[in-house]
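Let's take a walk through this one, going from helix contacts to the empty spaces between them. Have the sequence and the model open as you read.

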Amino acid sequence: MIWGIFKRDMCHATRNVIAVIVSMGLVVVPALYAWFNIAASWDPYGNTKALKVAVANNDKGYKSDLIPVRVNVGETIISTLHANDQLDWQFVKSDKAIDGVKSGEYYAAIVIPKGFSADMMTLFSPDIKHAQLKYYLNEKINPIAPHITDQGATTVVNTIDKTFAKTIAQVGLDLASSILHYSQSPQMAEYMRNLNGNLTTMADTLSGASQQVTSYSQLLGSANDIVDSTGKLLASATKAGKQAQNALKQGKSGATSLTSAGANVTSSVNTALDQVSGAFDQVAAKVNKAFDAIGKGSDTAASQLATLSEQISSGESLYDTYITSLNHMRESVEQLPDSDSAKQALLEAIDREITLLEAAKGDSQKLAQQLKDASTQVTQDTAAAERSRKEILNRITSAKQSISNVRDDYATNVKPKIDALASTVSTLISQTDSMITQLSGTADGLDDVTGDVGTNVTSIRSTLGAIAKKLDSSAATVKELITKLETGGNAGDGNSDGGDGDNDADSGESDELRALATANASTLSTLISAPVALHRVSVYPIANYGSAMAPFYTILSIWVGAIILCAMLKVTISDREKAHVLGLGDTLPRIAGPSGPGNASRWGLRLDHEYFGRYAIFALLALLQGTLVCLGDMYFLGVQANHALQFLAVGWLAALVFSNIVYTLTVSFGDIGKAVAVVLLVMQVAGSGGTFPIETLPKFFQMLYPFLPFPHAIDAMHAAMAGSYGNEYLLDMVYLALFLIPSLLLGLVLRKPVIRLNNWVSRNLESTKVM
């Protein structure tokens, strides 16, 4: 019975040309549906160069002291985009770019602000700013275009980041490499030798300066002793002047007071001369000390001798002071009456005393000159220096003897004659009173000066001591620098085999720096700008986007083909056809009842015979549809199919399952069944996972999709195209075939209760004369 129905259906389908054309159209139309969609989406992301994206550069650039070259990142971006063909870049003004996005002329726009370069270069300042590009996007033009242009904008940003980091790194590496190469050049070696020589000279100069400052401090100490002695002498003179004034005021007891004053003056002079003699003893000791230091440091000895020379020279003012005082005394004596018998004798004694003082002054001058000459000779001739030493000591002895002669002469000749003036003191009172007053005031002033000088000398000595320490510290620092430079130079030359651990470490660091600097700067800068490289490993690779979308559109077209078959072919068998199959002529007997499914069952044409008999032509055309669309995918479009036979098997099974489901729904529910088939189509387009992963869909579709045939058919076709993991392909094919069970159950068993309902619905629809 089934075969009879199928033979008659095939005869009717090929009876005339129109029937054949329609039959061929039923096979071809689903294939065209799939091919057009697959071809249209073959490489959509490879054709993005037609998408217009505006770019506006307002960057003013940046220039700083750190990087004297003008930097304009905006110009770099424009240059880069000119060579980029991912999108159709339009280089316009910012106003036109924004307006073009609003009008739809451009899908998106990138505006580079004025301070873009300045913000990027804040990397080298404490106040770091994040450089921003302004990105304008028209999202209403197309749902996919925003994502494509977003990818283009992201590519621009990533390119800027990598280019900036690569540029900075390459500049630094090139600079380090240049410095290293220059440091190994002969010119640099000569510079290092000159630098070491200059630093050594500087260190020696600092050390010598420190020693000189120390000597100055010591000499100031000696000068301070002289100042103290002078202060004491002046104090004694002041005291003597006051005593003389008191004596002058006492009238008749003037002689006795004058004698007492003469004694005091004598004592003061003796004290001063003793101190001068003692000072010469100190000078002799320092001379011996200076000459003893010749072997240790000629410069130091010379400096000390020169200082002693200056000290002796400065002491000559004491002789001048004493000579001036004697001259004043002589002037006072000359004012005495010529009748005074002691006048002439005293003048001669004073003149002799002045002569002795001038002789002593001459000895001191010669001593100072010998010290000065000796300071020069000690650095040139050691033997001459020893002769100078003896001469200087002899000269010191001679000077001391001159001082002794002055003291003895004063006590022997001057003092007695001063005492003899006591008889004429009344004459001298009026003449010497003013002089003593002046000398007293002068002594008081000098006493204040000597006190200030002593205080200042102490402060200066403290300052000089601090300076000496600073100079020593600076000299030590320079010497340490010299040592480090020499060590670094040896390490750089690789001559650290015999050195200590520090030199070995320095050599290792230098070798690492040399290896880094001699490497390819471009490669290293690329590594620094993008330290992580993404190595894509494709698992079950798909050739292109069209091949990836082929399973979805192929399975979808097979379902659409099943709906078209049910829309164009009759799913029920007329009573005339039943009669011809049964051999009863053109009509069934009256006892068959109303026309409808199962009314010829008493003659042997059961309901299942009608179901499978008419479905046979549906199955044949569905298989032709599946075969054509799959072969066209592989050999017309070039869709990837690693397993072509498996790919065809999926198309065949899907054609049988889908056609059976749609046929069963139409047979069971008529036009309502066709509507249900369309609803199932819409649900499966959204919930099949053919475009977006199932996990990204709403929860309802995630729960529904295992109970729909599309996902299993698409997964099986993916496995046939790219390869199967384990029994993945077979399991998906089994799951797809299982959908035949509920379809056949409905068409063969559950269909009977709804036949009357379906007939009633059909009669009511036909009664509308519209449906």
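What follows looks at three helix pairs, a pocket and a cavity.

Keep in mind that this is a predicted model. A handy way in is to recall that two packed helices are described by the angle between their axes and the distance between the axes.

Start with α1, residues 2-13, and α16, residues 575-582. Their axes come within 10 Å and cross at roughly 120°, so α1 and α16 are oblique to each other. The crossing of α1 past α16 is right-handed. On the α1 side, the contact uses Gly4, Ile5, Arg8 and His12, and α16 answers with Glu577, His580 and Val581. Sorted by class, that contact of α1 with α16 comes to 2 nonpolar, 3 polar and 2 charged residues.

Now go along to α15 and α17. The axes of these two come within 10 Å and cross at roughly 150°. Because angles over 145 degrees count as roughly antiparallel, α15 is roughly antiparallel to α17. Here too you'll find a right-handed crossing as α15 passes α17. α15 brings Thr554, Ser557, Ile558, Gly561, Ala562, Leu565 and Cys566 to the contact, while α17 brings Phe618, Leu621, Ala622, Gln625, Gly626, Val629, Cys630 and Asp633. The class split for α15 with α17 is 9 nonpolar, 5 polar and 1 charged.

Stay on α17, but look at how it sits against α23. The axes of α17 and α23 come within 11 Å and cross at roughly 130°, which makes α17 oblique to α23. Once again the crossing, of α17 past α23, is right-handed. From α17, Leu607, Asp608, Tyr611 and Phe612 take part, and they meet Ser743, Leu744, Gly747, Leu748, Arg751, Lys752 and Ile755 of α23. This contact of α17 with α23 has 6 nonpolar, 2 polar and 3 charged residues.

With the helices placed, turn to the spaces. The second largest pocket holds about 1,100 Å³. Its lining takes in 44 residues, and Lys570, Val571, Thr572, Ile573 and Arg614 are the ones nearest the centre of the pocket. You'll recognise several of the elements that give two or more residues to this lining, among them α1, α15, α16, α17 and α23. Which helix supplies the largest share of the lining of the second largest pocket? That would be α23, with 10 residues. By class, the lining of this pocket has 21 nonpolar, 12 polar and 11 charged residues.

Finally, there are enclosed spaces to check. The structure holds 2 cavities of 30 Å³ or more, and the largest cavity has a volume of about 40 Å³. Around the largest cavity you'll find Val571, Thr572, Ile573, Glu610, Tyr611, Arg614, Tyr663, Val667 and Arg751. Some of these names have come up before: Val571, Thr572, Ile573 and Arg614 lie nearest the centre of the second largest pocket, along with Lys570, and Tyr611 and Arg751 take part in the contact of α17 with α23. α17 and α18 each supply at least two residues of the cavity lining, and α17 gives the most, with 3 residues. By class, the residues lining the largest cavity divide into 5 nonpolar, 1 polar and 3 charged.

How values were computed: Residues numbered from 1 in each chain as written. Predicted model: local features only at pLDDT ≥ 70, side-chain atom pairs only at ≥ 80, totals over all residues. Heavy atoms only, no water. Axes fitted to C-alpha atoms, helices over the stretch in contact; angles between N-to-C directions. Helix = DSSP H or I, 4+ residues; strand = E, 2+ residues; numbered from the N terminus. Parallel < 35°, antiparallel > 145°, perpendicular 65-115°, else oblique. Left-handed = near helix turned anticlockwise from the far one by under 90°. Contact = heavy atoms within 4.5 Å. Nonpolar A, V, L, I, M, F, W, Y, C, P; charged D, E, K, R; others polar. 1 Å grid on protein atoms, 1.4 Å probe; cavity = no way out; pocket = protein on both sides within 12 Å on 5 of 7 lines; lining within 4 Å. Points joined across faces, edges and corners; volume = space filled by probe spheres on them.
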